[in-house]
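Notebook open, structure loaded. I want to work outward from one side chain and see what I run into.

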Amino acid sequence: TIRDLYSREIDEILVEGEAGYRTAKDFMRMIMPSHAKVVQAYTDTTPLFARFQVESYLGGMFNPVVQLKSGGYIVIGVTEALVAIDVNSGRATKEGSIEDTALKTNLEASQAIARQLRLRNLGGIVIVDFIDMVQAGHRDAVLAEFQKQLARDRIKTSVNGFSALGLLEMTRKRTRESLAHQLCEPCSACIGKGVVKTARSIGYDILREILREARQFNPKEFRVIASPKVIELFLDEESQHLASLSDFIGKPISLQAEAAMAQEQYDIVLL
């Protein structure tokens, strides 16, 4: 961490744990002896991460929405192809005009976006959709502020300015995996898609699957094993459709709820 992130702007490095402190101190003495005094041992009884709310900051790294002090907010969407960031005014409507509100929010967002790119270690193509501004001078001011904030980044960045659609295009060199990739894994329920089908959609999938299998096989009974929410739907709102299908194929259809199953998981057992 010292090797990758330390700069002369840092006044103090607190290290909890005697072994970690000694390692950090010795490393700093080796690479920058005059800055060894910056590394200090943390001896407070309150755990270091709790004292400085590090856990809450880390939790915020996985939230796509970042609130701004003015009442506006930014939304960060990360895909394999690019990073898309949308700036919204939210409650930031105290300025004299819509144009003034847009300028103030965009200037504040410029600082927040540059910081989030560093904190989350986001790289590759980045597209920022600032709030629309009519005056060219305002767009120039936002661009200048954004470039000023990016100048603090140790990672190489390149800003191409606003496109014809009013989107700001830039790139940030990929150096290592993003924070989310390092600390998280794909959701077992949605398998990384970010969404899951509704219980009703899964219910209709099951009905169609039973109909297909009824045309190929001739079991005595079909048993549906699915998540409790899907089974509850069949027992209530979709009970008529289930009964109609059972009459149509001439076979009974039984239901079994499995709490361990995710909403999109189900099995159809031929008995």
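**Starting point: Ser110**

I looked up Ser110 and found it in helix H5. Helices here are DSSP runs of H or I with at least four residues, strands are E runs of at least two, and both are numbered from the N terminus. Note to self: this is a predicted model, where local features need pLDDT of at least 70, side-chain atom pairs count only at pLDDT 80 or more, and totals for chains, interfaces and linings use all residues. Residues are numbered from 1 along each chain as its sequence is written, and side-chain values use heavy atoms, with hydrogens and water left out.

Is Ser110 buried or exposed? Ser110 has 0% relative accessibility, so it counts as buried. The cut-offs I'm using are under 20% relative accessible area for buried, over 50% for exposed and partly exposed in between, with a 1.4 Å probe and protein chains only.

Next I checked what the Ser110 side chain does with its polar atom. A polar atom of that side chain lies 2.8 Å from the backbone oxygen of Asn106. A polar contact is a pair of N or O atoms within 3.5 Å; within protein, one must be able to donate a hydrogen and the other to accept it, and residues adjacent in sequence count only if both atoms are side-chain atoms.

Leaving aside neighbours within four places in sequence, I get Phe130, Val142, Glu145, Phe146 and Gln149 in contact with Ser110 (contact: heavy atoms within 4.5 Å).

**Following Phe130**

Phe130 was on that list, so I went there next. At 2% relative accessibility, Phe130 counts as buried. Apart from neighbours within four places in sequence, Phe130 is in contact with Val87, Asn106, Ala109, Ser110, Ile113, Val142, Phe162 and Leu168.

Then the rings. I count 3 aromatic pairs in the structure, going by ring centres within 6.5 Å for Phe, Tyr and Trp (its six-membered ring), with planes under 30 degrees apart called stacked, over 60 edge-to-face and the rest tilted. Phe130 and Phe146 have ring centres 6.1 Å apart and planes at 80°, so I log them as edge-to-face. Phe130 is in the loop between S6 and H6 while Phe146 is in helix H6, so the pair ties together parts 16 residues apart in sequence. Phe146 comes out at 0% relative accessibility and counts as buried. Ring pairs join Phe130, Phe146 and Phe162 into a cluster.

**The core around it**

Which residues touch the most other members of the largest nonpolar core? Ile74, Ile85, Val87, Ile113, Leu117, Val128 and Phe130 do, out of 26 residues. By nonpolar core I mean a set of buried Ala, Val, Leu, Ile, Met, Phe, Trp, Tyr and Cys residues joined through side-chain atoms within 4.5 Å. S4 (73–78), S5 (83–88), H5 (98–120), S6 (124–129), H6 (136–150) and S8 (168–172) each supply at least two residues. H5 gives the largest share, 7 residues. There is also a second, separate core of 16 residues, including Ala199, Ile210, Phe222 and Val230.

**S8 and its partners**

Strand S8 has alternating side chains: Leu168, Met170 and Arg172 point to one face and are buried, whereas Glu169 and Thr171 point to the other and are not. S8 pairs antiparallel with S6 over 5 bridges (pairing needs at least two DSSP bridges). Strand S7 (residues 157–162) also pairs antiparallel with S8, over 5 bridges. I checked Arg172 in S8: Gly124 stands opposite it, and so does Thr157. S7 and S8 make a hairpin with 5 residues between them, and Gly166 in the turn has a positive phi of about 85°.

**The other sheet**

Last lookup: an open sheet of 3 strands, order S10-S9-S11, mixed pairing. S10 (253–257) and S11 (266–270) are at the edges with a single partner strand each, so one side of each has no neighbour in the sheet. S9 (residues 222–226) runs parallel to S10, joined by 5 bridges, and antiparallel to S11, again with 5 bridges. In S10, Ile253 is the bridge partner of Phe222; in S11, Val269 is opposite Arg223. In S9, 4 of the 5 residues are buried, so the rest of the structure largely encloses this strand.
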